[in-house]
Each structure stands twice: as C-alpha cells, then as structure tokens.
Amino acid sequence: MTLNDNLRIPDGVATRKMGNETILLNLETGTYFGLDTVGSRFLELLERNGEIAVAHRTMLEEFDVKPEILEADLLRLSEAMRSKGLLEAVS
Amino acid sequence: MSLTHAYRICDLALASNIPLPELTPAKVFAVECRFELLPPGNPSPGNFVWFHHWTFEEDNEEEEGAKKAWVHFARTGDGYLLRFPSCGDFFLSADAEKIQCRPLPGIPEVTVRHLFLDQVIPLVLSRREPIVLHASAVLTAHGVIAFAGKSGQGKSTLAASFVQKGCALVSDDCLVLRAEHGSWTALPSYPGVRLWPSTAEELLREDTHTADVAHYTIKRRVSDTDLLPFANSPAPMRKLFFLADDTSAVSIERLSPGRAFMALVEFAYNLDIQDAAFLRSQFEAVGQLTADVPAYAIHYPREFALLPAVRETILNHLEEDRDHDTE
C-alpha cells in the first residue's frame with residue numbers, strides 16, 4: 001500500500017463516531033475495531049475523498065508530526081483495517 | 001410436553017417441565033420460552049454447521065486453536081445447538097422460544113439447571129434484547145450499578161458485598177438493559193449469587209444455607225433473599241464499572257466512549273455472531289448505551305478485609321456525581 005492508493009469503507013461495515021473516537025464493525029465477520037483521535041480523523045478524511053495522500057497532506061497541517069512518520073502510521077493503519085475488511089481499495 | 005412449572009426471569013415468561021428451584025415461581029399468562037429436559041443420551045449425531053465456540057477463560061494456552069472449548073455453537077435445520085462437550089446438548093429453536101436439553105448420561109440435574117439458567121438463558125435473552133451483559137448489578141440509593149468482568153474477577157463478591165450492606169441484588173452475572181424513553185433500565189435476573197466457598201465463608205453467617213451449583217464446580221449458590229435481598233422490579237441504570245487489575249489501592253478511572261464501547265462489546269452476550277442484522281442492532285444499542293450511561297474501570301485490591309473500603313469508594317463516587325448533577 002502506498003500514499004497513492006484510494007480507500008473506502010465497504011458496504012457491510014458499520015461505523016459510529018463517539019466524540020473523538022470511532023468504532024467500526026465488520027458485519028460479516030463480527031470484527032470490531034476502535035480508532036483514536038488521529039485514526040478517526042484519518043477515516044473522516046478518507047470518507048470525504050478516499051485518497052490517502054490527501055488525508056496525509058491535510059493531517060500534516062493539523063498534527064505536529066514528521067511527514068515520514070505520519071505516512072508510515074497511516075499506511076500501517078490502512079493495511080490493518082484493510083486486512084480486517086474495514087477498508088477496501090478503490091481503483 | 002407437560003410444562004407445569006412457570007417462572008419469570010429478566011422479564012421473560014418461562015415454562016419448564018422440571019422444577020427450577022433457583023427461580024421464584026410466577027403466574028405466567030403468556031409463555032414466551034419453553035424448556036424441556038429430555039432423557040439422558042449420547043451427543044446427537046447430525047450434520048451441524050459449527051460456527052463458534054467459547055473456551056475456558058482460565059485456559060492459559062496462547063494459541064486460540066489449542067484452547068479447550070467450553071461450548072460449541074452450531075446451526076441446525078431449525079435453530080441452534082449449544083454443545084457442552086462434557087455435559088450435553090441444548091437445542092434452541094430459531095426464535096429461541098423453545099429449548100430442549102439432552103444431558104449426557106450421569107450428568108446431575110443441578111448441572112443441567114445451572115447450564116440452562118446461567119449459560120443458555122443469557123444467550124436466549126440476547127435474541128430478544130440487544131444488550132445482555134455478563135455482569136453483576138445491584139440497586140443502590142442512586143440507581144443500579146453494574147460490575148462487568150471475566151469469570152473470577154470478583155463480580156459476584158462485589159455484588160454480594162453491596163447487597164449485604166443494604167442494596168438489592170439485580171443480577172449475579174446476566175444483566176439485561178433496556179432503553180426506554182431516553183434512559184436505560186436494568187431488568188432483575190433471579191435471586192441468588194454463586195460464590196467460592198472461601199468467599200461465602202468470609203461474607204456470610206456460618207449457618208447460611210448454600211446449595212450446589214454444578215457437579216464440576218465447588219462454587220456455592222446462595223439464594224436466601226432475607227440475607228441477600230432481590231430487586232423485584234426494573235430500575236434505572238446509573239453506572240457501569242469494568243473490573244480491572246488487582247492493585248494495592250482503589251481507583252476509579254472514567255473510560256472514554258471508545259474504550260467503554262469496546263469493553264461493553266467484550267461482555268455482551270450474542271447467540272449468533274454471524275447474524276448481521278442482529279450485530280447491527282447490537283452495535284447501535286451499545287453505541288447509545290455508551291453515550292447515555294457513564295462507564296469506568298475500577299482497580300482494587302482483591303482482599304476481603306478491604307471490601308468495605310472498595311464499597312465506600314464506589315458509593316462516594318456515586319454521591320459526588322449526584323451532587324454534581326444537581327448543581
């Protein structure tokens with residue numbers, strides 16, 4: 001996975017935002033996944049646009065973090081969520 | 001099938017072909033669930049679709065696949081099968097309104113009743129109510145407080161401790177919560193708690209009558225409502241406490257909504273984890289409960305001598321919040 005990938009939440013995944021956190025549930029597998037403030041913001045940006053690169057650029061302005069660290073974190077999170085069926089690649 | 005024994009548990013009208021002395025008999029006009037104990041026999045053969053299992057919580061195997069299963073869940077042609085490998089089979093109709101048990105030969109009836117009341121009924125209830133928690137609960141002057149945690153963490157001990165000091169028992173380990181008009185109500189389960197002998201000796205009078213729970217456990221069932229008063233009607237749900245570490249001091253930590261949600265899911269009963277429609281309704285209900293009822297982690301020392309201090313801390317916490325709410 002790279003910054004150039006586009007992701008979306010597939011059908012069959014329920015989400016609920018609670019304050020600064022988000023919970024996702026894969027309705028097919030029964031897998032729950034919790035996102036903290038940073039993860040929730042990432043998901044919110046993906047829902048708007050889908051492009052990891054756009055989310056990365058936006059979040060660099062909002063969080064005090066080095067670009068390469070944020071990139072690694074977002075890609076790691078994306079892969080973790082994708083492997084649980086909570087995100088899927090959009091061609 | 002002659003169902004001559006009627007009861008009510010968590011607002012469920014139940015009829016049974018055997019006495020269930022753990023429950024209080026009730027006049028039931030419309031039976032919602034029927035239980036039949038069948039003659040003993042070997043495990044039912046058949047092509048079942050096994051889709052889930054629970055393992056023993058005290059199993060220290062790291063590999064999930066190596067853990068010993070406590071109960072297996074399967075779909076049958078017209079419902080579900082819950083197989084307790086060392087005890088017997090429970091067959092549930094798809095709507096969970098009919099339950100039959102075929103115990104293995106030699107399994108005592110007290111064990112069947114324990115499995116039915118304390119393992120199967122919570123799962124039956126989970127088909128009717130989106131929130132059924134593995135939690136004890138007591139009715140205090142400020143409303144119902146619940147203690148959720150894994151087996152052996154002290155839910156029953158804490159609940160019994162509160163009840164001895166003037167609260168009423170709402171549940172020992174199956175708590176049904178129902179949303180009504182923007183708030184949450186706890187439904188009383190059935191009287192009695194199950195305690196380790198050492199706990200019963202420590203908390204109760206020496207001459208307290210206790211009964212067997214099941215043939216495979218030394219836990220004792222204490223059902224004397226003069227000793228442990230029971231809440232006979234639903235009451236407002238006030239706070240949820242998730243039992244955390246055995247620590248040297250008592251501390252209460254408010255959980256963020258996300259942490260509270262995940263904790264609730266961990267302790268919520270669900271008969272069919274592959275039923276997407278039910279999962280969605282439970283997801284929404286847990287989300288609403290998280291928003292409406294505050295949840296805390298409570299760390300405390302697991303020492304009998306310190307139970308009064310733990311109780312006091314929790315009650316002071318409730319009192320402080322009440323004062324805060326009225327400002």
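What follows is a working chat about a predicted model with chains A and B.

Student: Let's begin with the contact between the chains. How many residues of chain B are in contact with chain A?

Tutor: On the chain B side 17 residues are in contact, and they meet 13 residues of chain A. Between them the two chains bury about 1300 Å², with 68% of that area on carbon and sulfur atoms.

Student: Which residues in chain B lose the most area to chain A?

Tutor: Those are B:Met262, B:Leu279 and B:Phe283, which together account for 39% of what the chain B side buries.

Student: And how many salt bridges are there between chain B and chain A?

Tutor: The count between the two chains is 1 salt bridge. B:Glu284 forms a salt bridge with A:Arg16, and the closest N and O atoms of that pair are 3.1 Å apart.

Student: What's the count over all chains?

Tutor: Over all chains the count comes to 25 salt bridges. As general background, side chains of opposite charge can pair when their charged atoms come close.

Student: Let's stay in chain B. What does B:Arg194 form a salt bridge with?

Tutor: Its partner is B:Asp172, with the closest N and O atoms 3.6 Å apart. B:Arg194 lies in strand E15 (residues 193-195) of chain B, whereas B:Asp172 lies in the loop between strand E12 (168-171) and strand E13 (175-180), so the pair ties together parts that are 22 residues apart in sequence.

Student: Are B:Arg194 and B:Asp172 buried or exposed?

Tutor: B:Arg194 is buried, and B:Asp172 is buried as well. The pair also belongs to a network, in which salt bridges that share partners join B:Asp118, B:Asp172, B:Asp173, B:Arg194 and B:Arg221.

Student: Switching to empty space, how many cavities of 30 Å³ or more does the structure hold?

Tutor: It holds 1 cavity of 30 Å³ or more, and the volume of the largest cavity is about 50 Å³.

Student: Which residues line the largest cavity?

Tutor: The lining is made of B:Leu117, B:Asp118, B:Pro122, B:Asp172, B:Asp173, B:Cys174, B:Ser189, B:Tyr190 and B:Arg194. B:Asp118, B:Asp172, B:Asp173 and B:Arg194 in that lining are also members of the salt-bridge network. By class, the lining has 4 nonpolar, 1 polar and 4 charged residues.

Student: Where does the largest share of that lining come from?

Tutor: It comes from helix H1 (residues 109-125) of chain B, which supplies 3 residues.

Student: What about the second largest pocket, what volume does it have?

Tutor: The second largest pocket has a volume of about 270 Å³. It is lined by 18 residues, and the closest to its centre are B:Arg8, B:Pro188, B:Ser189, B:Phe230 and B:Asn232. B:Ser189 also appears in the lining of the largest cavity. By class, the pocket lining has 12 nonpolar, 4 polar and 2 charged residues.

Student: Back to helices. How many residues of helix H2 of chain B are buried?

Tutor: Helix H2 (residues 155-164) of chain B is mostly covered, with 9 of its 10 residues buried. Among them are B:Leu158, B:Phe162 and B:Val163, and also B:Lys155. The helix is followed by B:Gly166, whose phi is positive, near 115°.

Student: Which residue does B:Lys150, just out of curiosity, form a salt bridge with?

Tutor: B:Lys150 forms a salt bridge with B:Glu266, the closest N and O atoms being 4.0 Å apart. B:Lys150 lies in the loop between strand E11 (143-148) and H2 of chain B, and B:Glu266 lies in helix H4 (residues 257-266), so the pair ties together parts that are 116 residues apart in sequence.

Student: Why do B:Lys150 and B:Glu266 count as partly exposed?

Tutor: B:Lys150 counts as partly exposed because its relative accessibility is 42%, and B:Glu266 counts as partly exposed because its relative accessibility is 46%. Partly exposed covers the range between the buried cut-off, under 20%, and the exposed cut-off, over 50%.

Student: Over in chain A, where does A:Gly50 lie?

Tutor: A:Gly50 lies in the loop between H1 and helix H2 (52-62) of chain A. A:Gly50 is buried, with a relative accessible area of 5%. Leaving out residues up to four places away in sequence, A:Gly50 touches A:Asp5, A:Asn6, A:Leu7 and A:Leu45.

Note on methods. Residues are numbered from 1 along each chain as its sequence is written. Chains are lettered from A and ligands numbered from 1 in the order in which they are written. This is a predicted model: local features need pLDDT of at least 70, side-chain atom pairs count only at pLDDT 80 or more; totals for chains, interfaces and linings use all residues. Side-chain values use heavy atoms; hydrogens and water are left out. On a 1 Å grid over the protein atoms alone, a cavity is a set of points where a 1.4 Å probe fits but cannot get out, and a pocket is an open set with protein on both sides within 12 Å along at least five of seven lines; lining residues have an atom within 4 Å of a point. Grid points are joined across faces, edges and corners, and a volume is the space filled by probe spheres set on the points. Helices (H or I, at least four residues) and strands (E, at least two) are DSSP runs, numbered from the N terminus. Ala, Val, Leu, Ile, Met, Phe, Trp, Tyr, Cys and Pro count as nonpolar, Asp, Glu, Lys and Arg as charged, and the others, Gly among them, as polar. Buried means under 20% relative accessible area, exposed over 50%, partly exposed in between (1.4 Å probe, protein chains only). Contact means heavy atoms within 4.5 Å. Buried area is the accessible area (1.4 Å probe) that two parts lose on being put together, summed over both. A salt bridge is a side-chain nitrogen of Lys or Arg within 4 Å of a carboxyl oxygen of Asp or Glu.
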